[in-house]
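Reader: I should be grateful for a close look at the nonpolar interior of this protein. Please set out how it is assembled.

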Amino acid sequence: MSIEPRLAELGLTLPDVAAPVAAYQPAVRSGRYVYTAGQLPFVDGALPTTGKVGAGDGLVDPADATELAGICALNALAAVHSVAGTLEGVRIVKVTGFVASDPSFTGQPAVLNGASELLGKIFGDAGTHARSAVGVAVLPLDAPVEVELIVELAD
């Protein structure tokens with residue numbers, strides 16, 4: 001199945017590419033590869049929530065952060081599309097995710113499953129990838145999660 005009907009079947013649409021918050025490009029193409037900048041979970045130009053991920057009052061629930069990681073991945077795909085012109089024939093090579101974590105939180109891999117599982121649903125076998133899940137003290141704009149992709153384009 002091609003990607004656009006698959007997105008529609010999943011109830012997803014590619015968002016507009018988020019404007020950079022500093023001096024960088026959302027995505028850069030080099031040969032057959034596209035490298036995205038870290039994508040925050042912007043929805044309609046705003047972060048739906050901010051703060052550290054963990055258990056307890058005042059922290060972002062890990063389940064909510066998992067959903068936000070999926071939003072980050074969708075935003076990253078929009079950045080890929082902006083430089084490649086298509087998502088057809090894309091293979092996801094690497095996902096790197098950052099989770100703004102409470103010091104006691106160790107569930108970063110589970111949070112990043114939100115991105116990985118969404119990419120698998122969209123691309124099937126071509127969505128299988130290598131991944132790093134990193135806990136950090138803080139992310140830009142106090143976002144709970146950030147995701148970047150490396151993708152390979154078809155010949």
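Author: The following account treats the nonpolar cores and then a surface patch.

The model is predicted, so local features need pLDDT of at least 70 and side-chain atom pairs count only at pLDDT 80 or more, while totals for chains, interfaces and linings use all residues. Residues are numbered from 1 along each chain as its sequence is written, and side-chain values use heavy atoms, with hydrogens and water left out.

A nonpolar core is a set of buried Ala, Val, Leu, Ile, Met, Phe, Trp, Tyr and Cys residues joined through side-chain atoms within 4.5 Å; buried means under 20% relative accessible area, exposed over 50%, and partly exposed in between (1.4 Å probe, protein chains only). The largest such core has 34 residues, and Val111 and Phe123 have the most contacts inside it. Two or more residues each come from helix H1 (3–9), helix H2 (62–84), strand S3 (91–100), helix H3 (108–123) and strand S5 (145–152). Helices (H or I, at least four residues) and strands (E, at least two) are DSSP runs, numbered from the N terminus. H2 supplies the largest share of this core, ten residues.

Beyond residues up to four places away in sequence, Phe123 touches Ile3, Leu77, Leu87, Val90 and Ile92, where contact means heavy atoms within 4.5 Å. A second, separate core has six residues, among them Leu40, Phe42, Leu47 and Ala100.

Strand S5 also holds Glu148, which is partly exposed at 28% relative accessible area. Setting aside neighbours within four places in sequence, Glu148 contacts Thr36, Ala37, Gly38, Lys94, Val95, Thr96 and Phe98.
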